[in-house]
Amino acid sequence: MISGVIDLRSDTVTRPSAEMLAAMTSAPVGDDVYGEDPTVNLLEERVADLLGHEAGLFTVTGSLANILGVRALVPRGGEVLCEASAHIVRAELGSHAAASGVTTRTWTGPSGQIDLEQIRALIAPDLGPYFVITAAVSVENTHNFGGGSIQHEYDALADELEARGLPLHLDGARLWNAAVATGRTVASYASRAAAASVCLSKGLGAPVGSVLVGPTELIREARVWRKRLGAGWRQAGVLAAAGLYAVEHNIERLAEDHANARAIASVLADAAPGSVKPDQVETNIVVADLAATGKSVAQVVEAARDSGVLVGGVGATQLRIVTHLDASAADCRTAAETLARILTG
């Protein structure tokens with residue numbers, strides 16, 4: 001975070017704590033391209049076990065983990081279905097088409113939610129060499145642009161896809177948040193998917209990295225493709241150590257971020273009625289609709305910056321605020337009061 005500024009643009013802006021840095025500097029390392037970095041190996045094994053899968057693969061970004069996971073399930077020329085504002089289709093710069101030759105079709109759900117009826121209507125069976133075949137369905141849980149919403153129909157969709165023999169891809173960048181908010185284990189979500197990814201550098205506070213999990217053979221192939229795409233690691237144990245520290249120490253505290261997000265939403269709801277519903281803020285992301293305020297997202301973002309608060313826009317009228325471990329409850333109160341003054345001024 002920038003010194004003296006309350007940065008709520010994303011939960012990716014955190015900096016390693018002294019304890020995390022100590023773990024990084026003392027980590028045993030080796031060459032991961034050769035599979036010889038013991039800390040990377042331990043991280044992959046630990047996360048795969050937590051998520052109920054056979055194997056894991058440490059990647060530099062969540063986008064890369066998603067590219068590798070979707071590519072493993074969808075052949076070139078095939079399609080993956082996802083929600084219209086899902087990260088894989090909105091925020092990964094067309095990489096699934098550009099790098100893997102994968103096409104997408106989408107459904108639209110409130111707050112990015114699963115809509116079983118729409119998905120059933122979209123699934124395209126193999127009708128011969130005339131139409132694109134649906135090869136997988138991808139779900140983001142929690143849903144970033146849906147305001148950190150939890151997928152409440154996740155198990156119903158997993159059951160449906162299992163009956164159809166279609167694989168489920170789980171973009172679980174913030175799956176840790178969903179688990180803490182619901183009291184479920186991450187494995188209860190991730191084990192339902194053929195491939196799943198989780199991020200270490202968002203709510204958990206590591207400086208970099210995600211982990212893709214799946215069956216041993218899928219991960220073996222993904223490791224080849226990671227290298228093919230120029231993303232093999234060398235002595236990456238210094239980064240994997242941060243991920244291990246994050247997994248061991250920073251999961252349960254996510255409940256604090258959720259409480260801070262709801263507190264911000266309450267202040268904004270009072271200042272700009274209808275902009276956000278606090279009871280619908282489930283995790284650490286607040287998306288406020290400014291359409292009725294007479295102020296543009298750009299105006300609010302600029303005025304907030306001038307007052308020492310950083311927030312972001314995710315749509316023509318949508319302002320996003322993300323809480324995290326480097327923003328205290330007092331910081332979040334100050335940010336909320338600053339935004340309220342801007343919205344009512």
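This is a short chat about a predicted model, covering its annotated domain, its backbone oddities and its cavity.

Reader: What does UniProt list for residues 7-289?
Author: The UniProt record, an unreviewed entry, gives "domain: Aromatic amino acid beta-eliminating lyase/threonine aldolase" for residues 7-289. Bear in mind that the model itself is predicted.

Reader: How much helix and strand is there over that stretch?
Author: Residues 7-289 are 42% helix and 15% strand. The C-alpha atoms at the two ends of that range are 20 Å apart.

Reader: Backbone next. Which peptide bond is cis?
Author: The one from Asn 141 to Thr 142. Its omega is near 0°.

Reader: Why flag that?
Author: Because most peptide bonds are trans.

Reader: Where does Thr 142 lie?
Author: In a loop. Strand E5 (134-140) is on one side of that loop and helix H7 (154-164) on the other.

Reader: And phi? Which residues other than glycine have a positive value?
Author: Leu 93 is one of them, with phi near 55°. Ser 111 also has a phi near 55°. Most residues other than glycine have a negative phi.

Reader: Where is Leu 93?
Author: Leu 93 sits in the loop that links helix H4 (87-90) and helix H5 (95-100).

Reader: Is Leu 93 buried or exposed?
Author: Exposed, because its relative accessibility is 83% and the cut-off for exposed is over 50%.

Reader: Same two points for Ser 111. Which loop, and how accessible?
Author: Ser 111 is in the loop between strand E4 (103-107) and helix H6 (116-122). Its relative accessibility is 38%, so Ser 111 counts as partly exposed.

Reader: Switching to voids. How many cavities of 30 Å³ or more?
Author: One. The largest cavity holds about 50 Å³ of space.

Reader: Which residues line the largest cavity?
Author: From the 80s, Cys 82, Glu 83 and Ala 86. Then Trp 107, Gly 112 and Ile 114. The rest of the lining is Ser 138, Val 139, Glu 140, His 143 and Gln 151.

Reader: Which elements give two or more residues to that lining?
Author: Strand E3 (79-83) and E5. The largest share, three residues, comes from E5.

Reader: How does the lining split by class?
Author: Five nonpolar, four polar and two charged residues.

Reader: So where does E5 turn up again?
Author: Twice here. E5 gives three residues to the lining of the largest cavity, and strand E5 (134-140) also borders the loop holding Thr 142.

Notes. Residues numbered from 1 in each chain as written. Predicted model: local features only at pLDDT ≥ 70, side-chain atom pairs only at ≥ 80, totals over all residues. Heavy atoms only, no water. UniProt positions renumbered as here; feature names shortened; annotations may be inferred. Helix = DSSP H or I, 4+ residues; strand = E, 2+ residues; numbered from the N terminus. Buried < 20%, exposed > 50% of the residue type's maximum accessible area, 1.4 Å probe, protein only. 1 Å grid on protein atoms, 1.4 Å probe; cavity = no way out; pocket = protein on both sides within 12 Å on 5 of 7 lines; lining within 4 Å. Points joined across faces, edges and corners; volume = space filled by probe spheres on them. Nonpolar A, V, L, I, M, F, W, Y, C, P; charged D, E, K, R; others polar.
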